[in-house]
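Got the model open in your viewer? Here is a short tour, one selection at a time.

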Amino acid sequence: MANSQITTQKLPSWDLTDLYMTINSPEIKKDLRKVGQLTKKFREEYRGKISRLKEKNFVKLFEDLEALECKSGKILSFAQLMHCQKSTCQDRIKFLSDIQDKLIIYRSRILFLALEINKMSDKHYKKIISKKSSLNRYKIFFEKNRAMKPYQLSEDLENLLNDYGSANRNAWCKLFDETISEINVEISGKKYSLEETLNLFQSPNSRMRMSAGIQLAKKFRENLKIFGRITNSLAKDKQIEDNWRNFKNPAESRHLLNDIDPKIIGSLRDTVVSSYSETSHKYYRLKAKMMGKRKLKLWDRNAPLKRRKQPPIGWDKAKHIVLESYFDFHPKMAEIGKDFFENGWIDADPTIGKTPGAFSHPTVTDAHPYILLNYFGTNRDIMTLSHELGHGIHQVLAAKQGEILSETPLTLAETASVFGEMLTFERILKEEKNLNQRKYLLAGKIEDIINTVVRQIAFYDFECRVHAQRKNGELTTDTISKIWMDISKESLGKAFEYEDSYKYYWSYIPHFIHSPFYVYAYAFGDGMVNALYSTYQSGMVGFQDKYLEMLSAGGSKNYKDLLSPFKLDVSQKKFWRKGVDMLKNLIEELESLS
């Protein structure tokens with residue numbers, strides 16, 4: 001069902017033909033065979049020889065690895081994007097499953113690489129990554145691999161985890177996606193998809209919000225056994241693997257993959273949690289007062305302060321606002337962003353069966369990213385468009401680093417997206433002269449920051465508690481729901497009435513399933529952007545060019561090196577306080593206008 005709210009304009013859909021024409025394209029079978037041949041050849045040429053490889057042979061190894069990653073990544077990206085566009089289609093479900101199964105087998109052939117890199121002598125390792133070596137460019141790749149050394153298993157066990165573990169995780173993730181995509185509710189005789197129902201929480205009609213909240217909770221409850229089984233199974237699988245690898249806690253593997261000191265994440269988490277009373281709690285009390293309510297319903301959390309329904313913002317206007325925001329900062333960013341709109345790289349129509357939420361998928365470095373979002377024409381949708389376009393621009397700029405070094409760690413992956421949101425918000429706020437409208441915009445921005453920082457840290461705490469308790473045995477859905485409600489009350493405060501039906505809302509959040517402990521990356525990115533944006537506003541000479549250089553580096557540098565040109569240090573506790581203070585200031589400004 002196409003978006004009924006925006007009837008005057010056709011919303012864009014993907015053109016995936018830059019990857020393949022259809023799921024039945026003969027090129028896919030041909031490329032799969034090629035991946036099989038490349039992995040087999042890679043294993044024959046390099047297995048058992050890594051510790052003795054000379055510099056020129058290592059250069060050839062990386063060329064071969066990048067060719068392999070590019071070919072396999074293209075096939076997998078196409079399968080995933082086709083599935084996300086219509087995740088209830090059985091042909092697309094089967095296609096994705098078959099591709100994943102094949103690639104798991106092929107990938108097992110090259111697992112020896114990471115193991116053998118970590119068996120290299122320190123002397124040989126230091127020599128091949130020295131500044132004089134042409135391999136110095138891949139120093140961070142080696143460092144990340146070597147950091148995994150204490151947690152690696154034998155090649156046989158690594159292959160077992162790859163084959164069995166990946167297949168098992170993929171199966172549970174697909175069950176989650178299929179269950180979520182089939183959820184729809186009926187309100188006043190009209191059917192709404194999950195994404196459309198979630199969007200109703202932004203309706204100015206309180207009865208519509210309540211109906212959406214109650215009906216959605218009912219659907220979650222109907223599927224609660226499935227969601228509980230998925231959560232328990234994936235948490236147990238993670239626990240088993242973590243035990244074998246000797247990780248001290250469930251989040252440690254994520255910190256390692258992100259190349260981040262756990263103490264820094266602890267500092268971020270503690271700073272945000274300790275600020276709840278002066279940020280989220282205070283704001284929601286203010287919102288209740290502004291809405292003339294003694295207590296807010298949980299469905300009011302993202303409700304607009306306006307009581308009249310605003311006409312939806314057309315797609316062309318949203319496009320103009322976002323591109324102009326990027327252009328004002330740096331013309332090159334707008335130039336890259338324009339390609340997404342003109343070349344079919346965006347899918348914005350919230351159709352039935354489409355994956356909820358939004359993302360920008362980088363595909364492979366010799367192609368381009370694709371953006372998915374569900375557009376309803378609200379100001380928040382414009383922010384989402386700006387957010388995902390920031391990801392897309394980042395991915396385009398980083399592509400020149402090649403397959404191995406283009407991917408940015410999660411802790412930095414949200415930087416360009418949140419920075420883009422800030423650019424767009426500042427432009428909209430600057431152009432708005434009406435005092436009431438400015439007040440509404442300000443409230444919307446505060447809520448966006450709370451959703452990005454407070455909510456995501458609360459989600460992180462939820463995951464930590466669920467995984468910690470899962471170690472003691474199977475979790476009932478009542479136990480998981482209680483953890484959810486406890487966390488919600490801690491982070492949102494006493495301005496809300498906590499309806500019993502809200503306890504099921506943990507069940508639909510995809511990050512818990514697809515990327516455990518991903519969520520803190522949003523708060524990390526927001527804190528990073530607050531510091532970067534304040535540096536930009538202070539008038540640092542050459543900031544824009546330095547910023548583009550940072551994005552272009554992709555994953556070729558760690559966060560310390562990337563932030564060095566801006567004289568920023570995330571290891572300092574005061575770094576995270578800047579973000580909290582910015583949120584506090586916005587709330588105080590809104591309070592003064594009210």
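Start with Lys445: is it buried or exposed? Lys445 is buried, with a relative accessible area of 5% (buried means under 20%, exposed over 50%, partly exposed in between, with a 1.4 Å probe and protein chains only). Before going on, note that this is a predicted model, where local features need pLDDT of at least 70, side-chain atom pairs count only at pLDDT 80 or more, and totals for chains, interfaces and linings use all residues. Residues are numbered from 1 along each chain as its sequence is written, and side-chain values use heavy atoms, leaving out hydrogens and water.

Now show what surrounds Lys445. Leaving aside neighbours within four places in sequence, Lys445 is in contact (heavy atoms within 4.5 Å) with Glu421, Met422, Phe425 and Leu586. Add Leu583 too: Lys445 and Leu583 are 138 residues apart in sequence, yet 9.3 Å apart in space, C-alpha to C-alpha.

Next, colour helix 20, where Lys445 lies (helices are DSSP runs of H or I with at least four residues, strands are E runs of at least two, and both are numbered from the N terminus). Helix 20 spans residues 435-470 and gives the most to the largest nonpolar core, with 14 residues. That core, a set of buried Ala, Val, Leu, Ile, Met, Phe, Trp, Tyr and Cys residues joined through side-chain atoms within 4.5 Å, has 174 residues. Pick out Ile50, Phe58, Trp484 and Tyr547, which have the most contacts inside it.

Last stop: zoom in on Tyr547. Not counting residues up to four places away in sequence, Tyr547 touches Phe329, Met333, Thr415, Ala416, Phe419 and Phe566.
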